[in-house]
Amino acid sequence: MKFFDTLETRDPEQRERELFAALPKQVAHAMQHAAAFADLYNGVDAKQVNSRAALASLPVIRKHE
């Protein structure tokens, strides 16, 4: 019986590479489709959010914001 799909059982390094490769698109989507993210991430270049360090540099946004 298979419990996990192939995305969940990838090599950890491959998984991280692929997730960080997809992250800029997700950040850009949030900025384009949610005014709050556009305001809070003002000045952020979504294409540059592609590493742990870049992700850590984004402001933390709380639900009430």
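**Figure 1. Buried residues in the protein chain.** Of the 65 residues in the protein chain of this predicted model, buried ones make up 17%. Two that come up again in the close-ups below are R10, buried at 17% relative accessibility, and Y41, buried with a relative accessible area of 10%. The accessible surface of the chain adds up to about 5,500 Å², and carbon and sulfur atoms account for 55% of that.

**Figure 2. The overall build of the chain.** Three helices and zero strands are what you get here, so reading from the N terminus the elements simply go α-α-α. The C-alpha trace stretches over about 45 × 25 × 20 Å along its principal axes. Its radius of gyration is 15 Å, whereas a compact globule of 65 residues would sit near 11 Å. As for contacts between residues at least 6 apart in sequence, 33% of them link residues at least 24 apart.

**Figure 3. E16 and R52, a salt bridge between two helices.** The E16 and R52 side chains meet in a salt bridge, at 2.7 Å from N to O. E16 belongs to helix α1 (residues 12-33) and R52 to helix α3 (residues 52-57), so this pair ties together parts 36 residues apart in sequence. E16 is partly exposed at 30% relative accessibility, while R52 counts as exposed at 58%. A search of the whole structure turns up three salt bridges, and the next two views show the E18 pair and the R15 pair.

**Figure 4. E18 and R10, a salt bridge with a buried arginine.** Here the side chains of E18 and R10 come together in a salt bridge, with 2.4 Å from N to O. What is the burial state of each partner? E18 is partly exposed at 35% relative accessibility; R10, at 17%, falls under the 20% cut-off and therefore counts as buried.

**Figure 5. R15 and E8, a salt bridge between partly exposed partners.** The R15 and E8 side chains form a salt bridge at 3.1 Å, N to O. R15 has a relative accessible area of 28%, which makes it partly exposed, and E8 is partly exposed too, at 45%.

**Figure 6. F37 and Y41, the one aromatic pair.** The structure holds one aromatic pair. The ring centres of F37 and Y41 lie 5.6 Å apart with their planes at 50°, so the pair is tilted. Buried or partly exposed, where does each ring's residue fall? F37 is partly exposed at 31% relative accessibility, but Y41 is buried, with 10%.

Terms used: Residues are numbered from 1 along each chain as its sequence is written. This is a predicted model: local features need pLDDT of at least 70, side-chain atom pairs count only at pLDDT 80 or more; totals for chains, interfaces and linings use all residues. Side-chain values use heavy atoms; hydrogens and water are left out. A salt bridge is a side-chain nitrogen of Lys or Arg within 4 Å of a carboxyl oxygen of Asp or Glu. Buried means under 20% relative accessible area, exposed over 50%, partly exposed in between (1.4 Å probe, protein chains only). Helices (H or I, at least four residues) and strands (E, at least two) are DSSP runs, numbered from the N terminus. Rings of Phe, Tyr and Trp (its six-membered ring) pair if their centres lie within 6.5 Å; planes under 30 degrees apart count as stacked, over 60 as edge-to-face and the rest as tilted. The radius of gyration is taken over C-alpha atoms; the globule rule is 2.2 Å times the number of residues to the power 0.38. Contact means heavy atoms within 4.5 Å. Accessible areas come from the Shrake-Rupley method with a 1.4 Å probe; for residues, only the protein chains shown count as cover.
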